[in-house]
2 protein chains.
Amino acid sequence: MIFGSLREELRDQIVEICRIVSLKKGAYLFREGDLSKGFYIVNRGAVSLHKISSEGDQQVLKIFSAGESFGEATVISFTRYPANARAECDTMLVRVDKAEIQRLARANEQIAQCLAIAVAGHLKHLVSHMEDRAFLSPESRVAKWISSQSVRGAFEAAYGFEMEAPKRCVADELGMASETFSRKLRALKDKGLIEVSKKQIRVVNPVGLNKIVELGD
Amino acid sequence: MIFGSLREELRDQIVEICRIVSLKKGAYLFREGDLSKGFYIVNRGAVSLHKISSEGDQQVLKIFSAGESFGEATVISFTRYPANARAECDTMLVRVDKAEIQRLARANEQIAQCLAIAVAGHLKHLVSHMEDRAFLSPESRVAKWISSQSVRGAFEAAYGFEMEAPKRCVADELGMASETFSRKLRALKDKGLIEVSKKQIRVVNPVGLNKIVELGD
DNA sequence: CGTGAGATTGATATATCTCAACAGAAGTGG
DNA sequence: CCACTTCTGTTGAGATATATCAATCTCACG
């Protein structure tokens, strides 16, 4: 919640410069190198921020879900988006216009602050992401990802959560081949730690799952 | 050059809140979880920002050399350093005090701006770092690293550059075992692209080196 | 000149990627 | 509403590149 700390009056000012954007699954919001029109806040759905190599394989930096925002850095500093953004399912988000938010940020210290904090948050996330990749085995990464997804809502512990993005995309985010993701998911199921049905995942044994995260497989 | 865009008067204000810090090789500037005292600008030497896993192996986020700064995000947003910083050779840097720079940033828009831009720069660097790891072979990564190091100064094309950090540390930054780094360095030498002597590396064939970066080995 | 940290080289194991075939779901269109 | 096509995910078998382990070497420094 990027502007969660602002008082209502300021938030109203921001709402006025927002524009709703709807995307069908697979549609691109922007591509690497495009001029920035502003940053985005996901309302519902999922957007993957990713790079694509010359050989065509992709590296997912992060999948953003409802409530999360991305692209703030292009308001503060760069003029072009440094990666691609694509809807991984039907998605609705708001665009916060670049020129307008810059105007508001200049007028109000706190808004500029919020943007800077958001960028710092992204930096922190990337660091821990790199850390996970370097230190954790594929199975541990899958386990950690499941844990982090299932703490979002309380009832999700009971009913499980739904994967909004295709599995191949999640696999890319976790830095492994989609086949490997598939196998590791199965391994966790066979150990009785989770239940998988279609796009639903439910954690059966949270303690055991965390053991996988910490001790490897 | 984080404050390079500021007019002299403002820079003088900042100089006043700086404190020189000297570190011997191997000494820690701060550790993960320490309360932030401010951010740092490297004057000479090299500092590695890294994480250490429970099993003891390290993941180097970046090695900072003269002129580069790090830790700005702890001024903007977090209160604790999210990684370890260690001098990889005898190093001199300046600390910009947290409370003081916050005071100046509040008083002057432009200073806050500089900090935010620096953080955004770090974010961008990490992204391209992850990209390289995902898409490039170890040999390509070594080649790219050498290229990037040797463009710093013009005369370095002729005399080569000196590695300030130990090879094992550079290897960690490039995401490979130090043995692999050693082998890849040798491979590039055997191909006649570079010359290596001790800690000096000189690029003999820049074109061929870039070919390795782009086409793999 | 001796000592030790850092670097190189060699041999090996293994985990994951890759390629390929298959299965199932979902969407399309008549 | 049912075939048909397409897309996504699953499973299997095998190759390969790099991590790992271990031995040796080099050089800086005391």
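This is a short talk on a model of two protein chains, A and B, and two DNA strands, C and D.

Ground rules, quickly. This is a predicted model, where local features need pLDDT of at least 70, side-chain atom pairs count only at pLDDT 80 or more, and totals for chains, interfaces and linings use all residues. Residues are numbered from 1 along each chain as its sequence is written, chains are lettered from A and ligands numbered from 1 in the order in which they are written, and side-chain values use heavy atoms, with hydrogens and water left out.

Confidence comes next. pLDDT is the predictor's confidence in each residue, from 0 to 100. Chain A averages 91, and 97% of its residues score at least 70. Helices (H or I, at least four residues) and strands (E, at least two) are DSSP runs, numbered from the N terminus. Which element of chain A has the lowest mean pLDDT? That is helix α6 of chain A, residues 156-159, at 64. Strand β6 of chain A, residues 69-70, has the highest, at 97.

Now the two chains together. Contact means heavy atoms within 4.5 Å. By that rule, 28 residues of chain A touch 28 residues of chain B. Buried area is the accessible area (1.4 Å probe) that two parts lose on being put together, summed over both. Here chains A and B bury about 2800 Å², with 76% of it on carbon and sulfur atoms. In chain A, L123(A), M130(A) and F135(A) lose the most area to chain B, together 24% of what that side buries.

There are charged pairs too. A salt bridge is a side-chain nitrogen of Lys or Arg within 4 Å of a carboxyl oxygen of Asp or Glu. Between chains A and B the count is 2. K51(B) and E131(A) form a salt bridge, 3.2 Å from N to O.

Which elements supply the side of chain A that touches chain B? β4 (46-52), β5 (58-65), α2 (73-76) and α4 (109-135) of chain A each give at least two residues. α4(A) brings the largest share, 17 residues. For residue classes, Ala, Val, Leu, Ile, Met, Phe, Trp, Tyr, Cys and Pro are nonpolar, Asp, Glu, Lys and Arg are charged, and the others, Gly among them, are polar. On that side of chain A, the split is 15 nonpolar, 7 polar and 6 charged.

On to DNA strand C. A residue is near a strand if one of its heavy atoms lies within 4 Å of it. Strand C has 15 such residues; the closest are P138(A), T180(A), K167(B), R183(B) and R186(B). They divide into 4 nonpolar, 2 polar and 9 charged. T180(A) has a side-chain N or O atom 2.5 Å from a phosphate oxygen of strand C. For the side chain of R186(B), that distance is 2.9 Å. α8 (178-190) of chain A, with α7 (167-173) and α8 (178-190) of chain B, are the elements that give two or more residues here.

Last, DNA strand D. Around it are 14 residues, and K167(A), S182(A), P138(B), T180(B) and R183(B) come nearest. A polar backbone atom of K167(A) is 2.5 Å from a phosphate oxygen of strand D. T180(B) places a polar side-chain atom 2.4 Å from a phosphate oxygen. What does the side chain of R183(B) approach with an N or O atom? A base oxygen of strand D, at 3.0 Å. By class, this surface has 4 nonpolar, 2 polar and 8 charged residues.

Definitions and conventions. Polar contact = N/O pair within 3.5 Å; in protein donor to acceptor, adjacent residues only side chain to side chain.
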